[in-house]
Amino acid sequence: MSKIKWPHEFPGVYWLDEKEESAVLDVLQNGSLFRYYGIGEPNYSDGKRKPQYVDEFENKAKAKYGCNHTLAINSGTGSLITAMRALDIGPGCEVMIPSFLWVATVGAIIQVGAIPVVCEIDDTFNVNAKDIESKITDKTKLIITIHMAGVPCDMDSIMAVADKHNIPVLEDCAQCNGGMYKGKSVGTFGKMGIFSLQLNKNMTSGEGGLLITDDEKLHLRAFSAHDMGLIRVDGRLSVPDEFAIMWGAGRRMNEMCGAVASVQIDKLDKITSSMRESKYRIRNMLKEISGITLRRIPDEDGDSGPFIIMMLDNEEKALNVAKKMKEAGLTSCHRVADYGLHIYSNILSLINKVPLSSAGNPWSLKENAESIYDYTKGACPRSDELFARSIVLPVPSCLTEELEKQAVDIITGAMK
């Protein structure tokens with residue numbers, strides 16, 4: 001079997017150029033690394049604050065995602081925590097999450113003192129709405145949908161359950177920036193949506209996050225929670241109405257990240273188009289290989305493209321094929337069950353219910369006393385079965401058609 005040099009996944013990195021460089025140099029030369037003031041051009045010379053790069057990024061994001069309010073934050077994890085604080089999630093709350101996730105999502109739930117409830121996925125590898133509904137209790141206060149591995153969830157079925165039970169939805173779009181569902185941006189179906197700009201995301205500023213919403217009160221609460229517990233008017237701290245007075249967490253995005261993000265968001269469509277085109281050329285070739293079933297995608301036009309998931313007949317076959325693929329140079333592929341902290345039962349802090357402090361919180365809190373759940377393997381048997389016999393392959397944003405064909409040749413040979 002021939003060997004391939006498969007690129008690292010890091011989608012946005014391949015599109016960095018002089019535009020990001022120029023924006024970063026501008027920040028450095030101006031000396032205004034903090035978004036609200038610096039030693040460069042005075043921000044308040046005319047009594048009003050002049051827009052900076054983080055402002056520019058937020059304004060572009062409003063137009064890009066079609067929402068009323070955007071808030072740049074210093075990480076995707078920080079965005080999740082900020083959103084949950086705005087939604088008043090804390091002790092006594094149960095939060096629905098899928099079994100296929102990233103550790104940051106469940107960690108954010110623990111950080112606010114709530115209890116995660118892990119739900120099954122289906123062959124979309126996103127959460128199964130029927131399983132969500134079967135696990136709702138009187139303590140269920142939030143559903144977090146994760147548009148995993150670049151593919152939007154079936155938001156019609158999820159929102160039907162959420163609306164029926166009057167439970168808010170927070171969309172985790174960290175791996176699906178630029179994704180759409182039936183012509184509408186991910187992140188705009190629920191009460192709030194978050195994005196990550198970490199290095200391995202569809203667009204990047206190295207680290208960073210974004211929170212979006214159409215609800216002004218939620219936006220003000222989130223702003224207060226991410227900053228100093230107050231809002232800002234023309235960049236100056238200002239006391240909001242009582243509902244938005246919070247404890248601040250200092251999660252502001254800085255101007256260096258904002259400079260890169262304000263350029264990368266202009267490139268997002270091209271980045272995702274490149275991955276999607278590569279992905280579907282590969283998928284079309286894989287359809288000809290006996291023994292492979294491809295992940296079901298609710299809206300192919302809205303797929304943001306960064307990953308392919310293949311389901312094989314059984315666990316033994318998946319182990320063998322993944323091993324051969326790696327040996328042939330597709331080193332970033334994984335059997336899904338072995339995909340580290342993306343799998344609920346691989347997260348030791350979760351299965352061991354590791355507390356935030358020696359007091360045992362949040363597991364020991366009296367408000368959470370009735371929320372007793374098992375997170376070990378077997379808690380989501382349908383998901384476990386899919387994880388065991390499936391393989392995930394990243395789709396870099398810089399592939400040539402020759403590389404795509406070589407990858408398919410390797411997979412074809414590995415299946416023999």
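**Exercise 1. Overall size.** With 416 residues, what radius of gyration would a compact globule have, and what does the protein have?

*Solution.* Keep in mind that this is a predicted model. Start with the expectation: a compact globule of 416 residues would come out near 22 Å. Now look at the protein, which has a radius of gyration of 22 Å, so the two agree. For the outline, the C-alpha atoms fill a box of roughly 70 × 55 × 40 Å along the principal axes. Inside that box you can count 12 helices and 15 strands.

**Exercise 2. Inside and outside.** Work out what share of the residues is buried and what supplies the exposed surface.

*Solution.* First the inside: buried residues account for 57% of the 416. Then the outside: about 17200 Å² is exposed, and carbon and sulfur atoms supply 51% of that area. Finally, check how the chain meets itself. Take the contacts between residues at least 6 apart in sequence; 70% of them join residues at least 24 apart.

**Exercise 3. Helix α9.** Check the span of α9, then find which way its buried residues point.

*Solution.* Step one is the ruler. Helix α9 covers residues 315–327, which is 13 residues, and at 1.5 Å a residue it should span 18 Å. Its end C-alpha atoms are 18 Å apart, so that agrees.

Step two is burial: Ala318, Val321, Ala322 and Met325 are buried in α9. Looking down the axis, the buried residues fall within an arc of 100 degrees, so they line one face of the helix. The general rule fits here: an α-helix has 3.6 residues a turn, so residues three or four places apart point the same way.

Step three is the partners. The buried residues of α9 pack against strands β13 (307–311), β14 (334–335) and β15 (390–394), plus helices α11 (381–388) and α12 (401–414).

Step four is the ends. Asn314 caps the N-terminal end, with a side-chain oxygen 3.2 Å from the backbone nitrogen of Glu316. Just after α9, Gly329 takes a positive phi of about 110 degrees.

**Exercise 4. Val260.** Is Val260 buried or exposed, and which residues does Val260 contact beyond its sequence neighbours?

*Solution.* Find Val260 in helix α8, residues 255–286. Its relative accessible area is 14%; the cut-off for buried is under 20%, so Val260 counts as buried. Next, skip the neighbours within four places in sequence: Val260 is then in contact with Leu16, Glu20, Val24, Thr204 and Ser205. Pick out Thr204 from that list. Val260 and Thr204 are 56 residues apart along the chain, yet their C-alpha atoms are separated by 7.6 Å.

Technical notes:
Residues numbered from 1 in each chain as written. Predicted model: local features only at pLDDT ≥ 70, side-chain atom pairs only at ≥ 80, totals over all residues. Heavy atoms only, no water. Helix = DSSP H or I, 4+ residues; strand = E, 2+ residues; numbered from the N terminus. Expected span 1.5 Å × (residues − 1). Buried < 20%, exposed > 50% of the residue type's maximum accessible area, 1.4 Å probe, protein only. Arc of directions from axis to C-beta. Contact = heavy atoms within 4.5 Å. Polar contact = N/O pair within 3.5 Å; in protein donor to acceptor, adjacent residues only side chain to side chain. Rg over C-alpha atoms; globule rule 2.2 N^0.38 Å. Areas by Shrake-Rupley, 256 points an atom, 1.4 Å probe, with all protein chains shown as cover.
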